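Let's take a friendly walk through a protein model. Have a look at the sequence and structure first, and then we will go through some parts together.

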Amino acid sequence: MGAPSPSVVDVRVVRARDFLKTTVAGTLDFERSRALLREALMQSMPADGFDLLLDLRKSTDVMSYKQIHLLIQEIKTTAPHFAQRVAVLENWGSDLEKAQFFEADARHEGYDVRAFHRFEAALDWLFAARD
């Protein structure tokens, strides 16, 4: 028997600073942000899917629960072929309810999702063997 073949995982990293934008008044420009997320997801989308690392550090305090839900819907609509595994890099800290809401809402949509505080832990989970 030979050595096991290596597994290849295609992970797309989308950082909040690349798609979350504010207005001149300093409030979240959600429609523009949603359009930029859609654009980021569509760039060189492979035919056989990918996993997603959504880096929301230093940004979640500006999003409402409804906006978090709408971002999940945007991911589902824009990238229906990705591998369904989403690692969320966040620093909600004391806002545990918002982190739990994101995870529960994304799981309800059929995603295998987990929130992480450390980049390395998120990548370890994304690259881990699947059932």
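This is a predicted model. A good place to start is helix α3, where Q67, I68, L71, I72, E74, I75 and T78 are buried. These residues cover an arc of only 155 degrees around the axis, so they sit on the same side of α3. On the other side of α3, K66 and T77 are exposed. A general rule helps here: an α-helix has 3.6 residues a turn, so residues three or four places apart point the same way.

You can also check the length of α3. With 14 residues (65-78) at 1.5 Å a residue, the helix should span 20 Å, and its end C-alpha atoms are 20 Å apart, which agrees.

Now turn to the sheet. It is open and has 4 strands in the order β1-β2-β3-β4, with parallel pairing. β1 and β4 are the edge strands, because each pairs on one side only. On average, neighbouring strands are turned by 15 degrees against each other, direction ignored. Helix α5 packs on this sheet and touches β1, β2, β3 and β4; its direction makes about 175 degrees with that of β3.

Here are the strands with their residues:

| Strand | Residues |
|---|---|
| β1 | 11-15 |
| β2 | 51-55 |
| β3 | 85-89 |
| β4 | 112-116 |

Strands β2 and β3 run parallel and are joined by 4 bridges. For L54, the bridge partner in β3 is V88.

Finally, is D55, a residue of strand β2, buried or exposed? D55 has a relative accessible area of 9%, and buried means under 20%, so D55 is buried. Beyond its neighbours within four places in sequence, D55 is in contact with V14, R15, A16 and L89.

Key
Residues are numbered from 1 along each chain as its sequence is written. This is a predicted model: local features need pLDDT of at least 70, side-chain atom pairs count only at pLDDT 80 or more; totals for chains, interfaces and linings use all residues. Side-chain values use heavy atoms; hydrogens and water are left out. Helices (H or I, at least four residues) and strands (E, at least two) are DSSP runs, numbered from the N terminus. Buried means under 20% relative accessible area, exposed over 50%, partly exposed in between (1.4 Å probe, protein chains only). Contact means heavy atoms within 4.5 Å. The expected span of a helix is 1.5 Å times one less than its number of residues. The arc is that of the directions from the helix axis to the C-beta atoms. Two strands pair if DSSP finds at least two bridges between them. Axes are lines fitted to C-alpha atoms, for helices over the stretch in contact, and angles run from 0 to 180 degrees between N-to-C directions.
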